[in-house]
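The following exercises practise reading a protein structure step by step. Study the sequence and the structure, attempt each task, and then compare your reasoning with the solution.

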Amino acid sequence: MTQHRHRRLRRVGILVAVPALSALTLAACGGGDDGGSGGSGGSGSADSFSFAFENASGGQQNPWQLLADQYAEETGVEIETQGLPPDSYGLSMRTQLQGGSAPDVMMFSPGAGNANAVLPLAEAGYIEELGEESASLIPQGNESLFEIDGKVYAQPTSIIPVGMVWNSSAASEAGVDIPEDQTAMLDACGTLADESKSFLAVAGSAPPNMGLMAMAISATRVYAETPDWNEQRSAGDVTFADSEGWQATLQTIVDMNEAGCFQQGAAGGGFDAITQGLTQGTSLGAFVPGAAATELANASPGLNLQVQPFPAADGGDPFLLASPNYALSINASADEGAKEAAREFLAWMAEPENAARFVELQGGVAITGPDENLSPVYEPVADLLENGDYAPLPNLAWPNPGVYDALSTGVQGLLAGQGDVQSVLESIDQAWDQ
Amino acid sequence: MTATMGTPQDTGPVVRGSVPAAGGGQPARSRRSRPLITYGRWWWALPAVLAVLLIHYVATAGGALYAFTNWTGIGDFDFVGLENFRRIFEDPASIGSLENTLFLAFGFLVLTNVVGLLLALALNRTLKTRYLLRVLFFMPVVLSPLAVSYVWKFIFDFNGPLNGVLAWFGAAPRTWLADPTLALWAVLVVMAWQTTGMVMVIYLAGLATVSTEIEEAAALDGASTWQRFRHITLPSIRPSVAIASTLMLIQGLRVFDQVMALTGGGPAGATETLATQVYKETFALSNFGYGAALALLLTVIMLVFSVLQQAATRDRS
């Protein structure tokens, strides 16, 4: 073989090798969903599993992380945790589930109305069916958020009340009591505005806060009288645009804006406006989940925060939103060993003392309802919780995340002077029907 | 002789393979009897071409296919034809995004080019502090758009410095980023503020090629400043105009960072652009099919405007 021929062969070799290597590299990067075993835990043993959850701060003091640490310490099971930012959590889980690299246990939002909702994933076959023990924890009336055709796909962890977080100390200083109804509230708004304070601090630039406000108000205007309103909407019997309750809800926001109930520059405010307003006492209340109120109170010693129901419409009765906003599920394509370990973890979570520990860490209410360990933050709504005068967070049962987005951005527009109540409600109906 | 008399840097004969043997009259049998470049074969570029085709064009075309589906990001999907595009043109929010995108793109194009050219003309010659000023005007370009946007968000805040300055003059404070009419202008200002320095540098490079002799001759012939700019400077920097305007138009059409950081597309979609809506529909609302249709539309718009732009600024001489 001549030297020239050697060189030619080498050139051909390089020519073949480079694309082949490129293809292999691409294939390796792409992963695949036909591997069968799936889960990123990868160990496949019954003494280890992986666990993903939302972690807004990225710190180690996240309640899910603390609980996982406690479980690992008690049982010796190894848990590989994955705390992800909330805004990209849903997308990360979808991508990992489809790529076959998802964790064995995942935190989700019940229902189908959020980007991190569990039911669309269960419908697509990515989530393992759970047993009776998990089913028994689902609060009555919330079954549709966890089940498809009677099969349970997620285990609730705690109940999170959503109302109005109220700075009692600042209210006392300002001489304002929690108003009984809308008229009293609008009067209080005027009084506070004269003192350069505000009844509420809102994050107008953050649509989710606008959506939460609308839902908290809808508790008394819509769901107190018609608890099954979402089911009626699904059946096509009612619409947002024709609902007097929803019209009243959005009109309340317009009236509050005109009465000066919100802080100055509310339309452009961020979440910092809420924390500053509440902690400095320049605003008396805010719409944040009850668990966040506990966190805020813990972070600011001396701050007396409590969850109050939003003032009812004139002549109405107080009502609250409270539901299991988080749930745990198991990856359907996890290894059998990891699945077993995951099931044991969920069973451990269901034990009363561990559930209570989680409630303590997260700042919610026990999944079985209020008990002697109820946080003082929820004292004003304890009667409502005990009497069952509450409905689940509405958007959990909505069919897609676009409905909540339409509500949130619509309310944001109302605050900024765009659009009107009717056009916002019509856009929500459109999003529902997509 | 050529080789021995040549300079050490003269490697041409070696490369061409025409170097005679040292000390001999017979030319040596060169190992490379042909110029090196002739060894190149078109298929040498094949791996790179394949990689570009696979990673860039095939992947993009694959993504574009989803524009004709109702995929939600998980599970199966159906082909829905042009349904997504019909929805786009029937949805006021999408039309609003399209309008905002075009407003920002053309506003950005005009603002950056006009201000950038004026700065370049001002800092081209004569001014003693021109080098310092060029650095100062160029500095925002090297910053992250997100960092710049968050600084401006603070400036535009209701309790921020801008309203503070207005208060000195007795003006009422404004919610700059929450006002539907002001928010889009605020985004445009931030975009232009950061990028004008880049355009200035492009025009400075163009102005360096303008002959001073011709300008001086025109001045001696009595041409005014405007006439010299119109008939000498501008034709000379036509390539710079083409580059700067094309780059700014494309950058304006795909604006994302500044909108997300300043307003998130709000209030109520008043500053939403096609790029932010693609992100929102795809990743926040899981409408992958609809998001892909919006992305495809944005790509087509960018392609059309870029071609038109190139045609408009082409050197016809």
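**Exercise 1.** Determine which helices the buried residues of helix 4 of chain B pack against, and where these residues lie around the helix axis.

*Solution.* Step 1: the buried residues of helix 4 of chain B pack against helix 5 (92–122) and helix 15 (288–312) of chain B. A contact means heavy atoms within 4.5 Å, and helices (H or I, at least four residues) and strands (E, at least two) are DSSP runs numbered from the N terminus. The model is predicted: local features need pLDDT of at least 70 and side-chain atom pairs pLDDT 80 or more, while totals for chains, interfaces and linings use all residues. Residues are numbered from 1 along each chain as its sequence is written, chains are lettered from A and ligands numbered from 1 in the order in which they are written, and side-chain values use heavy atoms, leaving out hydrogens and water.

Step 2: in helix 4 (residues 83–90) of chain B, the buried residues are Asn84(B), Phe85(B) and Ile88(B). Viewed down the axis of helix 4 of chain B, these buried residues fall within an arc of 95°, so they line one face of the helix. The arc is taken from the directions from the helix axis to the C-beta atoms. Buried means under 20% relative accessible area, exposed over 50%, and partly exposed in between (1.4 Å probe, protein chains only).

**Exercise 2.** Describe the order of the strands in the open sheet of chain A and identify its edges.

*Solution.* Step 1: the sheet has 5 strands in the order 2-1-3-13-6, with mixed pairing. Strand 2 (78–84) and strand 6 (155–156) of chain A stand at the edges with a single partner strand each, so one side of each has no neighbour in the sheet. Two strands pair if DSSP finds at least two bridges between them.

Step 2: strand 1 (residues 48–54) of chain A pairs in the parallel sense with strand 3 (residues 105–108) of chain A over 2 bridges. In strand 3 of chain A, Ala52(A) has Met106(A) as its bridge partner, and Phe51(A) stands opposite Val105(A).

**Exercise 3.** Examine strand 1 of chain A: are its residues buried or exposed, and which way do they point?

*Solution.* Step 1: 7 of the 7 residues of strand 1 of chain A are buried, so this strand is largely enclosed by the rest of the structure.

Step 2: in a regular strand, side chains alternate between the two faces of the sheet. In strand 1 of chain A, Ser48(A), Ser50(A), Ala52(A) and Glu54(A) point one way, whereas Phe49(A), Phe51(A) and Phe53(A) point the other way.

**Exercise 4.** Trace the chain from strand 1 to strand 2 of chain A and state the handedness of the crossover.

*Solution.* Step 1: strand 1 and strand 2 of chain A run parallel, joined by 7 bridges. The bridge partner of Ser48(A) in strand 2 of chain A is Glu78(A).

Step 2: the chain passes from strand 1 through helix 2 to strand 2 of chain A in a right-handed β-α-β crossover. Right-handed means that, with the strands pointing away from the viewer, the path from the first strand over the helix to the second runs clockwise.

**Exercise 5.** Place Gly413(A) in its surroundings.

*Solution.* Step 1: Gly413(A) belongs to helix 16 (residues 401–416) of chain A and, at 1% relative accessibility, counts as buried.

Step 2: leaving aside residues up to four places away in sequence, Gly413(A) touches Gln418(A) and Ala268(B). C-alpha to C-alpha, Gly413(A) and Ala267(A) are 8.7 Å apart in space, although 146 residues apart in sequence.
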